[in-house]
Structures are given as structure tokens and as C-alpha cells.
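Let's take a walk through a protein together, starting from the inside and working outwards. Keep the 3D view open as you read.

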Amino acid sequence: MSIAEHETGDAAHPDVLATIVKQLAGYEASSSHLYHQLAKTLRALIETGALRGNDALPSERDIAKATGLSRITVRNAIDDLHREGLISKRRGAGTYVSPQIDQPLSLLMGFTADMKRRGASSASIVLEKTVSLPDADEMLKLGLSPSDHVVRLSRVRTSDGEPLAVENAVVPMSAVSPDAIGESLYEALKGTGNSPVRALQRLRAAVADAREAELLDVKVGSPILHIERRSFLANGRPIEVTKSSYRGDRYDFIAELKIE
């Protein structure tokens, strides 16, 4: 996809363009491909904070004009950063540095509510919404009998059109019917008087397999955070088990620690 041009032109990014030109000059003796050199330069600007989350990148045209590189070389470099999740492309608006999402571990909140409080849009791609019997692990974690039924809800969670996580939730059918679940599982549980009030979460670093890479639009082997959450009602009854895969390039999970 061709990257939309910014209407602001060179004047909007004079410092960034000057830095790009200066850095590229240091790579002249390098034998690596020109677009790798440009990608390395842009990556460094993002990692050092010269370009911050939601900052617009200079357009392909502006970078090509300032550096003397071809448009295809510039496009290949930007595509590399896009595949790494460092930038996002907004149709008709240009290319922007991807913001990092800081998620407090002490806050129990669904994806929809979390994106809303950040002022971002949210949506879901439903992969599965079915009713079935629980497996042995689900019976144990949800306190169910072999004859109880559960609702399985698997979704790709997106914000502003960008896939951020794959969630696989299991809840007792006695708590909510699948037809009652819309964009927010927690809102559906709230509607039946089954809002979770606390949860236990387990985080594990991993790398994206082929399925996760496809769903999250990242490369196979990209960093992933696997999170299992088990939520409880006020009376202590378990109400939800969710296993999620979060993009490691877009999420930082933060915990506040105190001396006891």
C-alpha cells in the first residue's frame, strides 16, 4: 500500500529530516542495502525519543527529496518498521509512530473500557462464539461440573484498526448467554449481575507462532506476552478464564511495588 503524503511538506519535519540525512552520511561506506540503512536511522529516532508515539513521519516524498534516495527505497524502509510494529499507517492521513500502551497490572478492566479511557477506538474480530462442555482444566478453574456448559469467546482485539491482542475467554453459560455478549464481555457480565471484582493474572514471555503472527499482523517469532487471567465475583466464585496473546511491541505491563 502506498503511503499517503503529508500536506505539511518539509517545513513540518526540518529537524527530523536533517538528522536522517546526517545519520545516513555515516553509513556511506556500509555495504548493507540502502533501505536497511534508512530503516536503522528511523528506528534509532524512535528508540531514542526523537520521534515519539503518535508523531507523524515525514512523507516518502519528503524523505526521498532530502536524502536523494528513491521512493521505492524509502517505502521499503518504512515497510520494515511497519512490520516491526514501530509505526502505523493511517489510510489517507500518513504514517505515525505507534504509541506504547502502558497497562497497570493492578487495574481490572476489559479491553473495550481500557481503550475508551485512553480516547482510542476499539473493535473486535470474532473468531469463535460457541457453547460447549468444559474441559478438565476449565472445570477446575471455574468450579464447574462435567455437565455444565460454558461460552467460548475468541476474538482479535483492535484499536484504531490495529490488531493488539488475541483473547480466548471462557465463562459459565449460567452467567451469560452468547447472544448477550456484544463488544464488551464485561458489560455483558455486568448486565446479568456477574461483574468480576478481582482477578489473578499470570504473564509469560513468548514468541509469536504462525497463527498469532497472522492474527496480530506481526512476523513469526515476534515478542508476545501470554497472559492468563482468572476473575472472581465478590462472593469468591470464579467467573472467567481468559488466555490472551498481546503484542510485545505495543504493550508494557506496569506494577507498583511497595515495601511491606
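If you hunt for enclosed spaces of 30 Å³ or more, you'll find one cavity. Keep in mind that you're looking at a predicted model. The space inside the largest cavity comes to about 100 Å³.

So who lives around that hole? Its lining is made of 13 residues, and the ones nearest the centre are Arg155, Arg157, Glu167, Leu185 and Arg229. Several elements chip in with two or more lining residues: the helices H5 (111–117) and H7 (185–191), along with strands S5 (150–159), S6 (162–172) and S9 (238–247). Sort the lining by class and you get five charged residues, four polar ones and four nonpolar ones.

Now have a look at the strands. Six of them form an open sheet, in the order S4-S5-S6-S9-S8-S7, and the pairing is antiparallel. At the edges sit strand S4 (123–132) and strand S7 (198–207), each of which has a pairing partner on one side only. Ignoring direction, neighbouring strands in this sheet are turned by 15 degrees against each other on average.

Let's zoom in on one pairing. Strand S8 (residues 223–232) runs antiparallel to S9, and nine bridges link the two. If you want one bridge to find on screen, try Ile224, whose partner in S9 is Arg247.

Finally, what about the rings? You won't find aromatic pairs here, as the count is zero. There is a ring with a charge over it, though: the charged end of Arg198 sits over the ring of Phe232, 4.3 Å from the ring's centre.

Technical notes. Residues numbered from 1 in each chain as written. Predicted model: local features only at pLDDT ≥ 70, side-chain atom pairs only at ≥ 80, totals over all residues. Heavy atoms only, no water. 1 Å grid on protein atoms, 1.4 Å probe; cavity = no way out; pocket = protein on both sides within 12 Å on 5 of 7 lines; lining within 4 Å. Points joined across faces, edges and corners; volume = space filled by probe spheres on them. Helix = DSSP H or I, 4+ residues; strand = E, 2+ residues; numbered from the N terminus. Nonpolar A, V, L, I, M, F, W, Y, C, P; charged D, E, K, R; others polar. Phe/Tyr/Trp six-rings, centres within 6.5 Å; stacked < 30°, edge-to-face > 60°. Lys NZ or Arg CZ within 6 Å of the ring centre and 35° of its normal. Pairing = 2+ DSSP bridges. Axes fitted to C-alpha atoms, helices over the stretch in contact; angles between N-to-C directions.
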